[in-house]
Amino acid sequence: MALCIPLPSCRFRHRPVRSSLERQELFGRIAPVYDNLNDLLSLGQHRIWKRMTVSWTGAKMGDCALDLCCGSGDLAFLLSEKVGSNGKVIGLDFSKEQLSIASWVEGDALELPFSDGYFDAITMGYGLRNVVDKERAMQEMFRVLKPGSRVSVLDFNKSTQPFTNLIQEWMIDNLVVPVATGYGLAKEYEYLKSSIKEFLTGKELERLALQVGFSNARHYEISGGLMGNLVATR
């Protein structure tokens, strides 16, 4: 299996972080402790969610797969288990620091440097919520997917249930930010609440996927509705 590496820069935004450069710098500061923090904050559950994300792609032996906004590469390595020694996995991210941990390079989720119908499967973990142009990102994923192939997008869920939202906000305020503070990263994690509020609901994500051309789309709420996973088929 070949773990390949791409090119120019995922464009992200939300109000507390006002430019792509600021966004890159933010994730650069988080990178050294990113995986350890995920284990601690989710009690290891993020590893289960990510295995679910990869399974929903339907990736199989010999496939060519893409992990968008790959960070330190955990989803990409899970994909590599699926595609085997004859397959290929490409990891793409904007953060040099994240990629240095996986020894990969930068890439742009809004201008993917791949030909049409190139991939058999695509994953995206905790990236779509922060992309500047979500419709463009979905269009690009659609473009580079082979007909009949699937994209699987894991992220925080923007619930339509007030109680779930309250729990989610309480956890961010009373668990996520305090723990991140212990690593000197309080400001870097305070953006989460605003980014989730500005994100799309599951139904809105389904509509967006269909709007850009996917033949079907379904959003699954997981972990009591705190997380969500969009699965769309070209």
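Helices here are DSSP runs of H or I spanning at least four residues, numbered from the N terminus. By that assignment, Leu166 sits in helix 7, which covers residues 162–182. The model is a predicted one, and Leu166 makes a pleasant starting point for a tour of its surface. With a relative accessible area of 56%, Leu166 counts as exposed, because the threshold for that class is over 50%. Leu166 also joins Phe163 and Ile167 in a nonpolar surface patch of about 320 Å². The spacing of such positions along a helix is worth recalling: an α-helix has 3.6 residues a turn, so residues three or four places apart point the same way.

Stepping back to the whole fold, the protein chain contains ten helices and seven strands. Of its 234 residues, 54% count as buried. The accessible surface of the chain comes to about 10,300 Å², and carbon and sulfur atoms account for 53% of that area. Among contacts between residues at least 6 apart in sequence, 74% link residues at least 24 apart.

Helix 6 (residues 134–144) offers a view of the interior. Its buried residues are Lys134, Ala137, Met138, Glu140, Met141, Phe142 and Val144. The cover over these residues includes strand 2 (64–68), strand 4 (119–125), strand 5 (145–156), helix 10 (202–211) and strand 7. At the start of helix 6, a side-chain oxygen of Asp133 comes to within 3.3 Å of the backbone nitrogen of Glu135.

Strand 7, one of the elements covering helix 6, runs over residues 227–233 and holds Asn229. Is Asn229 buried or exposed? Its relative accessible area is 0%, so Asn229 is buried. The side chain of Asn229 nevertheless has a polar partner, as it makes a polar contact of 2.8 Å with the side chain of Ser152. Leaving aside residues up to four places away in sequence, Asn229 touches Thr53, Trp56, Ser152, Val153, Leu154, Arg218, His219 and Tyr220.

The cysteines round off the picture. How many disulfides does a search of the whole structure find? The search returns zero. Cys70 is in no disulfide, and the nearest cysteine sulfur, that of Cys69, lies 8.0 Å away. Since a disulfide requires two cysteine sulfur atoms within 2.5 Å, that separation rules out a Cys70–Cys69 pair. Cys70 is buried because its relative accessible area, 3%, falls under the 20% limit. Cys64 is likewise buried, with a relative accessible area of 11%.

Note on methods: Residues numbered from 1 in each chain as written. Predicted model: local features only at pLDDT ≥ 70, side-chain atom pairs only at ≥ 80, totals over all residues. Heavy atoms only, no water. Helix = DSSP H or I, 4+ residues; strand = E, 2+ residues; numbered from the N terminus. Buried < 20%, exposed > 50% of the residue type's maximum accessible area, 1.4 Å probe, protein only. Polar contact = N/O pair within 3.5 Å; in protein donor to acceptor, adjacent residues only side chain to side chain. Contact = heavy atoms within 4.5 Å. Patch = residues over 30% accessible without salt bridge, like charges linked within 9 Å, V, L, I, M, F, W, Y side chains within 5 Å. Areas by Shrake-Rupley, 256 points an atom, 1.4 Å probe, with all protein chains shown as cover. Salt bridge = Lys/Arg side-chain N within 4 Å of Asp/Glu carboxyl O.
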